[in-house]
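Student: Before we begin, may I ask for guidance on how to read burial, contacts and strand pairing in a model of this kind?

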Amino acid sequence: MPNTDFLGGRVAAPRTADTGRRVFLSAAALPLVGAMALLIRPSVEDIPASIDLTPLAVSVRPVETTPAPLSVEVKVEPDDTLDRIFRSVGIDNTVLSQLRQLPDARKALDLLRPGDTITLTHVDGALLSLNRRISNTLTLSVERAGDGYAVDYIENPLDVEVGATRAHIDSSLFAAGRRAGLSSETIMVLANEIFGWDIDFALDIRRGDEFTVVYERKFQDGRYVRDGRVLAAEFVNQGRVHRAVWFESADGSVRGYFTPEGQGMRKAFLRAPVDFTRISSGFNPHRLHPISGRVRAHQGVDYAAPTGTAIWAAGDGRIQFAGRKGGYGNAVIIDHGRGITTLYGHMSRFARAMRSGRRVTQGEVIGYVGSTGAATGPHLHYEYRVDGHHKNPAKVALPNVKVPPQFEQEFRVAAETALTQLRVTSRAEGQALASR
Ligand SMILES: [Zn+2]
């Protein structure tokens, strides 16, 4: 009975997780591959390899005179139906009604998305198996079992590698990050989730700034899928060194980015309360001096940005004022408690429901850049005041959160691993640059 063979093979097909694994350290870091390998920690997602039956389905060895099974991969076109696909492949489509009665498979079979791939294996038009990828990590598998079909969902977890890269900024953070092989998402994590409280990415990035990132990359069957978590990063901004490590306590109660000393990177106030990715001057690769429009003649900071650029609440607080305010034009004032207020002027419009008394959280969009009031061009005018006195937000010490004492030991161990990776990468790249 061919079916017995076919199903009997189920248990014995370990997936070769190592196929096509790539080492992606840059050439300059190659001598250090050995050292890096020692530092690579198993990731939570690196769970044991699952079983992929696709190769089996293709290699079913027919008993006696049965014709060889044929495996066809079909790409779903717009408006395709399974019925049409079966006919095009030459599979007897009377089996469809049988498949649709399988309670676990019906939905996954009926909702085809253009671009999906479906692998069909048949013998002489009789369907043996159907595999359809549901997501990056899940595949629907329908296989003949006796007189009917059995449905299975096969998990195909991602393999995680840890690598490191270093980038020099010639024109923009974005260009440098992309050149160093980082995904856009990872670059945004650096700016928004790690260093956004210490570095003003709209105004303070300079040519010659550099950064090092130790991060995860995810692969599936040897193919790069996406970047994973940033584990450690260093940013040298105008000569000042900022370092951060990711820490998650074993019990999961503490997680986030911290300085090597255990201070939280997240702080009460963002350095730049504006979507700096829209500030073209800061991210235009043709401009070597990315920052224009820095005016500190008055008591605030100006961010030149296109009309409509989102303005973020710098910190948690309550709207004290939202409306027209003389030369400020459309302005919002947020009361953050402890005598601290922030003001945002020249807005083209307010975000919905921005009225006094409303609570806002850090990073929430409160309005959009414009040139209302006494403004020569579209920009955000931002003021930070303590007890009514203007302060330069870049000079104000901001409160943050420390790793709780009971986790200090655990943190030190984790941080040391990450920091060693950072050091190894910085040094290797530094030497490579020096020898160029
Ligand atoms: Zn101003």
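Tutor: Let us start with a single residue, Met265, which is buried, with a relative accessible area of 2%. Buried means under 20% relative accessible area, exposed over 50%, and partly exposed in between, computed with a 1.4 Å probe on protein chains only. This is a predicted model, in which local features need pLDDT of at least 70 and side-chain atom pairs count only at pLDDT 80 or more, while totals for chains, interfaces and linings use all residues. Residues are numbered from 1 along each chain as its sequence is written, and side-chain values use heavy atoms, with hydrogens and water left out.

Student: In which strand does Met265 lie, and with which residues is Met265 in contact?

Tutor: Helices (H or I, at least four residues) and strands (E, at least two) are DSSP runs, numbered from the N terminus. Met265 belongs to strand 11, residues 263–267. Contact means heavy atoms within 4.5 Å. Setting aside neighbours within four places in sequence, the contacts of Met265 include Ile194, Phe195, Trp197, Tyr257 and Phe258. Ala244 is another of the contacts; its C-alpha atom is 7.2 Å from that of Met265, although the two residues are 21 apart along the chain.

Student: How should one read the order of strands in a sheet?

Tutor: Two strands pair if DSSP finds at least two bridges between them. Here, five strands form an open sheet in the order 1-2-3-4-5, with antiparallel pairing. Strand 1 (70–75) and strand 5 (148–155) are the edge strands, each pairing on one side only. From one strand to the next, the twist averages 20 degrees.

Student: How many bridges join strand 3 to strand 4, and what lies across strand 2?

Tutor: Strand 3 (residues 126–135) and strand 4 (residues 138–145) run antiparallel and are joined by six bridges; Leu130 stands opposite Val142 in strand 4. Axes are lines fitted to C-alpha atoms, for helices over the stretch in contact, and angles run from 0 to 180 degrees between N-to-C directions. Helix 4 (residues 82–89) lies across strand 1, strand 2 (117–123) and strand 3, at about 50 degrees to strand 2.

Student: Which residue takes a positive phi in the hairpin of strand 14 and strand 15?

Tutor: Gly326 does, with phi near 50 degrees, in a hairpin that has five residues between the strands. Strand 14 and strand 15 (residues 330–335) run antiparallel, joined by six bridges, and Arg324 has Asn330 as its bridge partner in strand 15.
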